[in-house]
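Trainee: Please take one part of this model and look at it closely. I would like a single connected account that starts from one residue and works outward.

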Amino acid sequence: MSWLSSSQGVVLTAYHPSGKDQTVGGSHGKGGEEAAASRRYGQYTMNQETTKVTERPPFDRSSSQDSLDELSMEDYWIELENIKKSSENRQDQEVVVVKEPDEGELEEEWLKEAGLSNLFGEAAGDPQESMVFLSTLTRTQAAAVQKRVETVSQTLRKKNKQYQVPDVRDIFAQQRESKEKEAPDGTESQSVRTDENKYQGKDGQASSLIVGEKELIPVGPEEAPASETDINLEVSFAEQAVNQKENSKEKTQRGKGEDTLLPSFRLPKDKTGTTRIGDLAPQDMKKVCHLALIELTALYDVLGVELKQQKAVKIKTKDSGLFCVPLTVLLEQDQKRVPGTRIPLIFQKLISRIEEGGLETEGLLRIPGAAIRIKNFCQELEAKFYEGTFNWEGVKQHDAASLLKLFIRELPQPLLSVEYLKAFQAVQNLPTRKQQLQALNLLVILLPDANRDTLKALLEFLQRVVDNKEKNKMTVMNVAMVMAPNLFMYHTLGLKSSEQREFAMAAGIANIMHLLIRYQKILWTIPKFIVNQVRKQNTENHRKDKKAMKKLLKKMAYDREKYEKPDKSVNDADVPQGVIRVQAPHLSKVSMAIQLTEELKASDVLARFLSQESGVAQTLKNGEVSLYEIGGNIGERCLDDDTYMKDLYQLNPNAEWVIKSKPSQKT
C-alpha cells in the first residue's frame, strides 16, 4: 500500500491519550509532518526516512474515487486506545490458546477440512469418493492438494505409521482410466473430463467458454470484452493468477497501481444466473466449502503467500448470557424465543438502537460512550435483556455503538473465526486489489454460517452509515479504520505484539475492512467455476450411483422401471422439445408448460404464474417466492431473477423447475 511503504519513507503516527477524547482531523500534504508534531497528542514514529515526507505526502489520494482528504491512521489508533481503556474496565477473559501444530498436523487438518480425509490415516482405503472430487479440480487446485498429501505422507512415514497414503497423481490416473471405461458413448466423459484442461470447471454440455489448454477467456456475444474492473467468476482465481504471472510484469505493476484507486468492480452478467450464498442446498454448499478451501490455498500458493490455519484449543465458555458467549450458543437461546433467527437478538437490537438515533450523527461509531456507563449497561443487559425489562431509553446512540463493538470484541472466538483470522490478515499481502477481493470472496464462503450471517448484517449496517457520510463525516475508510481493530485485534487470542508489528498490521487490516464494506455484494457470490465443479461432481456421482443401482436391481430381479423417476417420466411424456414444465405446488396453478425462448428469464416464469393468482401479487413484490432448479446436476438452487432459462436448461436438462417459498431469512 502506497501509504504504508517503508521504501518511500512514510511516517505513521499513532494515538496516545494525554487528555480528554476529542476529534482530530487528519493532517496531510506538505505540512503533514509539522502539523502532526504540533498536536496535543503523542505519536509513534517508525524509524524511516522522515525527510522524504514533505516530498511525497502520504495521504495525497485525490484521484481516488472516494477522495479521502481526511484519511489518516488517527481514527485507528484512537479506537485502539479506546479498546484498551474499555478492556481495563472489564473482567479478564480466559485466553484462547492457539496450539502450535506438529509437523504435518496442519496439512492433515487441511485435508479433513477439504473433505479428503479418506486419503490418509485409518480412514484410508478405497478412495472412490475422493477420486470423483479430485477429477473436477483445476491444475492449480490439484497441485495444492498434492503438496499437502505428500507432506502428510512423509510425516506418517516418519512416525512409522503403516497407513496407506495414495499419491494424488495415481488417483488422477485411476480416475482417467475409470472415465474411459465407463463412458461408452463418449459424451459423458467429454462433459466431465478434466485431467488435461487448464481449467476444469467449464459447463460441459452448454458452456459459453472454450475449454482448452490455451483459451481461458469467456466468450459471449451479449458481453463486451472484460474490462479491468470485471471480476471473472468463470475461471479459477488461481489459474487467473498463473496467467497473470506468465504475462508481462509491466501489466502486473500497472494493475497494482490502478487497484489503489479502488475501482468499481463489477460482476459481468451470467446467463445461467448468479449464485449467492444461501441459494444452494446444504449438501452442495458443503462441496462448495471444500472447493473454496482448496482454491484459496491454490491462490495463495501461486502468489507465494503463506496460508496458515489456526486451530484453537477448546476452552470453557459461558453457556448463557449476551457478552462473551459463542455465537452458536447465542443463536440457540435466541431461536427458542424467535424461531428461525440467524442473527443474535442483542446484535440486532444494538444496530436498531443506533439507527433510531439517526445515521446522520457526526462521528457515529468513532465517538465512544462513557466507559463506566458502558460497563453498567453490560451488567443490566445481562440481567434484563431477555426479560424485556431493560430500559433502552437511557442508552444514547454512542453508547449503543460502543456496546456493539464490545459485543464483537468479546466473542470467545473472532467473528472472522480462529481458523481463518490469519488468512484474512494475509489478504493484505496479495499483489492486486482484484486478487485480494477474490481471496476475501473465498474466505467469506468458508466462514461458519453463524459468523457469516452476523458479518453480513454488520457490513450492511456499516454501509448504511457510509451512505450518510456527507453529514456524519464517516467515509468508508473512516468506518474501516474504526471497525478494523474490533474485528482483527483479539485479546482473547493473546495476540499481543510490539508497537512496530502493530504499525505493520494497522494499515493492512484497515484496508481489508475497507474492501469488506465496499464490495460486500460481490463477496457473497459463489464463483461460477466452483458451482460448475459441484455440478460435475454430482454428474459423476449420479452416474456411478446409477450403475450401482442397475447392478442391484438386476441381482434382486426387480422391475427397474419402478425405480426410475415416475413423476419425471409422466411429466415429460407430454412435454415437447424446447418446453419445460414448471411446478408450483403452493399456488392455484400448480403446473404449467412453458416454451423456452432466447429471452425468457426466471422472473418471466414467476410473473406468468403469479398473474393468475388473486392474492399473491404482493408475494412477488416482496420476493417471498422464487423459481428453483432442482435435481439433475445440482441438488437445489434458487434462481436469480435474471437467469435465462434456455441457457440454464441446456446446462442442466434433467432438472425439475419448481416455484416455492424462500427459506426463512430472519435477521
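**The surroundings of Gln-425**

Mentor: Setting aside neighbours within four places in sequence, Gln-425 is in contact with Phe-488, Met-505, Ile-509 and Ile-512. The model is a predicted one, and everything that follows should be read as a description of that prediction. Gln-425 belongs to helix α15, which covers residues 421-426. With a relative accessible area of 12%, Gln-425 is buried, since the cut-off for that class is under 20%.

Lys-422 is also in α15. Its relative accessible area is 38%, so Lys-422 is classed as partly exposed. Leaving out neighbours within four places in sequence, the contacts of Lys-422 are with Lys-308 and Gln-310. Phe-488 does come into the account of Lys-422, but as a distance: the two residues are 66 apart in sequence, and their C-alpha atoms are 9.0 Å apart in space. For Gln-425, Phe-488 is a contact.

Phe-488 leads on to the nonpolar interior. The largest nonpolar core has 133 residues, and Phe-488 is among the five members that touch the most others, together with Tyr-76, Tyr-300, Leu-462 and Met-513. The element that gives the most to this core is helix α10 (residues 282-303), with 12 residues. A second core, separate from this one, holds 22 residues, including Val-582, Ile-594, Leu-600 and Val-605. In soluble globular proteins, nonpolar side chains tend to be buried together.

Met-513 ties several of these names together. Apart from neighbours within four places in sequence, Met-513 is in contact with Leu-459, Leu-462, Ala-480, Met-483, Ala-484, Leu-487 and Phe-488. Phe-488 is thus named among the contacts of Met-513 as well as among those of Gln-425.

The next step is the helix pair α17 and α19. Helix α17 runs over residues 449-466 and helix α19 over residues 476-488, and the two pack at an angle of about 150 degrees with their axes 10 Å apart. Angles over 145 degrees count as roughly antiparallel, and α17 and α19 therefore fall in that class. Their crossing is right-handed. On the α17 side the contact is made by Leu-455, Leu-458, Leu-462, Val-465 and Val-466, and on the α19 side by Val-476, Val-479, Met-483 and Leu-487. By class, this contact consists of nine nonpolar residues, with no polar and no charged ones. Leu-462, Met-483 and Leu-487 are also among the residues that Met-513 touches.

Helix α17 has a further role in this region, as part of the cover over α11. The buried residues of α11 are Leu-327, Val-329, Leu-330, Leu-331, Gln-333 and Asp-334. What covers them includes α12, α14 (397-409) and α17. Cys-324 lies in the loop between α10 and α11 (327-335). Cys-324 has a phi near 65 degrees, a positive value in a residue that is not glycine, and at 13% relative accessibility it counts as buried. Leu-365 is a second case, with a positive phi of about 80 degrees although it is not a glycine. Leu-365 sits in the loop between α12 (345-356) and α13 (371-384), and at a relative accessible area of 0% it is buried. Most residues other than glycine have a negative phi.

Helix α10, named above for its share in the core, also packs against helix α8 (residues 237-246), at an angle of about 15 degrees with the axes 8 Å apart. With the limit for roughly parallel set at under 35 degrees, α8 and α10 are therefore roughly parallel. The crossing is left-handed. From α8 the contact takes Phe-237, Ala-238, Ala-241, Val-242 and Lys-245, and from α10 it takes Glu-295, Ala-298, Leu-299, Val-302 and Leu-303. These residues divide into eight nonpolar, no polar and two charged.

One link across the sequence remains. Glu-74 lies in helix α2 (residues 74-88) and is buried, at a relative accessible area of 6%. Glu-74 and Asn-478 are 404 residues apart in sequence, yet 9.5 Å apart from C-alpha to C-alpha. For the chain as a whole, residues 24 or more positions apart account for 76% of the contacts with a separation of 6 or more. The chain has 667 residues, of which 51% are buried, and its secondary structure comes to 26 helices and five strands.

Note on methods: Residues numbered from 1 in each chain as written. Predicted model: local features only at pLDDT ≥ 70, side-chain atom pairs only at ≥ 80, totals over all residues. Heavy atoms only, no water. Axes fitted to C-alpha atoms, helices over the stretch in contact; angles between N-to-C directions. Helix = DSSP H or I, 4+ residues; strand = E, 2+ residues; numbered from the N terminus. Parallel < 35°, antiparallel > 145°, perpendicular 65-115°, else oblique. Left-handed = near helix turned anticlockwise from the far one by under 90°. Contact = heavy atoms within 4.5 Å. Nonpolar A, V, L, I, M, F, W, Y, C, P; charged D, E, K, R; others polar. Core = buried A, V, L, I, M, F, W, Y, C linked by side-chain atoms within 4.5 Å. Buried < 20%, exposed > 50% of the residue type's maximum accessible area, 1.4 Å probe, protein only.
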